[in-house]
Number of protein chains: 2
Amino acid sequence: MSRPAVTIGEASRATGVSEKMIRHYEAIGLLHPARQANGYRRYAEPELAALRFIRHARDLAFPLEDIRRLLALWHDRGRASAEVRRLALAHVAALEEKARVLQSVANSLKHLAAHCHGDARPDCPILDELEGRQG
Amino acid sequence: MSRPAVTIGEASRATGVSEKMIRHYEAIGLLHPARQANGYRRYAEPELAALRFIRHARDLAFPLEDIRRLLALWHDRGRASAEVRRLALAHVAALEEKARVLQSVANSLKHLAAHCHGDARPDCPILDELEGRQG
DNA sequence: TGTGGGGTCTCCCATCATGGGAGGGTCAAG
DNA sequence: CTTGACCCTCCCATGATGGGAGACCCCACA
């Protein structure tokens with residue numbers, strides 16, 4: 001079934017994770033590929049699965065420290081789903097907070113831009129605001 | 001009217017910009033404070049105004065390279081407001097795009113979490129999804 | 001046997017904005 | 001003269017990612 005272990009280039013193509021990142025994930029301890037005699041890394045099915053897992057988690061913007069815990073939970077056959085859910089919901093809250101902040105800043109700036117005629121004249125409420133004029 | 005130039009500590013307290021950042025802004029050429037004989041930086045009213053300007057622009061999440069151009073436009077008494085407006089609207093678009101992406105990722109994850117019972121059992125659709133099960 | 005080319009290795013540097021900290025100079029008050 | 005507050009420069013770290021140098025490995029082909 002599972003083909004023999006592959007090199008980093010093939011692992012990268014198979015999982016969509018760049019070689020740079022694969023090495024980085026190993027450096028921070030998310031991954032432990034075997035080595036062959038010449039020092040080349042070998043990726044067997046479990047390592048490829050971990051790389052896919054990491055990529056999907058990154059697609060969901062989980063920070064690598066969260067992913068470290070998710071991988072541990074994933075490997076723990078007896079884990080409680082509650083902990084995964086807690087982690088995910090905390091992450092959702094963080095993402096939504098960031099999104100809210102960005103949108104709110106965008107709204108403020110849009111408001112300013114709406115009052116800027118934006119022609120050849122130098123008058124500009126945007127610059128006035130940045131300068132800090134109180135009126 | 002304007003008090004004499006102040007040191008970096010006072011400038012920091014007066015503008016809400018950390019000393020670290022004040023020095024950094026100078027290092028990248030946003031600021032050109034004079035120095036006194038002993039090498040200490042001196043901030044007079046124009047520099048303090050620039051620091052306030054930068055802080056307000058950072059509050060609006062403008063990247064420093066944008067701020068560099070905004071400062072130039074601000075100093076250019078004859079500038080056209082159109083360019084400031086263009087810069088601001090491009091920034092708004094970038095902010096809104098980021099906010100959209102974050103919110104969309106958050107929504108995906110919320111959807112997954114909604115289907116995770118989150119109790120002591122190990123079954124977890126979140127991990128299943130990360131693992132890459134297609135159904 | 002030699003060479004070319006593609007793959008891999010490690011190590012350093014850059015991003016972006018920000019902060020921590022070391023090691024040392026300056027200055028005024030006690 | 002010491003103490004303490006302030007300032008200086010330089011290096012390092014963050015988080016995730018990529019670029020690139022210099023060297024090694026290996027296979028195929030002439």
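Q: What makes the approach of B:Gly9 to DNA strand D a polar contact?
A: In this predicted model, a backbone N or O atom of B:Gly9 lies 2.8 Å from a phosphate oxygen of DNA strand D. A polar contact is a pair of N or O atoms within 3.5 Å; within protein, one must be able to donate a hydrogen and the other to accept it, and residues adjacent in sequence count only if both atoms are side-chain atoms. The pair at B:Gly9 therefore qualifies.

Residues are numbered from 1 along each chain as its sequence is written, while chains are lettered from A and ligands numbered from 1 in the order in which they are written. Local features need pLDDT of at least 70, side-chain atom pairs count only at pLDDT 80 or more, totals for chains, interfaces and linings use all residues, and side-chain values use heavy atoms, with hydrogens and water left out.

Q: Which distance separates a side-chain N or O atom of B:Arg35 from a phosphate oxygen of DNA strand D?
A: The distance is 3.1 Å. For a polar side-chain atom of B:Glu19, the distance to a phosphate oxygen of this strand is 3.3 Å.

Q: Why is B:Glu96 said to form a salt bridge with A:Lys110?
A: A salt bridge is a side-chain nitrogen of Lys or Arg within 4 Å of a carboxyl oxygen of Asp or Glu. The closest N and O atoms of B:Glu96 and A:Lys110 are 2.8 Å apart, so the pair meets the rule. Across the interface of chain A and chain B, two salt bridges are found.

Q: How many residues does each chain give to the contact between chain A and chain B?
A: Contact means heavy atoms within 4.5 Å, and 52 residues come from chain A and 52 residues from chain B. Together the chains bury about 4,200 Å², 72% of it on carbon and sulfur atoms; buried area is the accessible area (1.4 Å probe) that two parts lose on being put together, summed over both.

Q: What makes the surface through which the copies meet the same in both chains?
A: Of the interface residues of chain A, 100% are also interface residues in chain B, so the copies meet through the same surface.

Q: How is it known that the two copies are related as by a two-fold rotation axis?
A: Chain A can be laid on chain B with an RMSD of 0.1 Å by a turn of 180 degrees and a shift of 0.0 Å along the axis, the copies being superposed by least squares on the C-alpha atoms of residues with pLDDT of at least 70 in both. The two are thus related as by a two-fold rotation axis.
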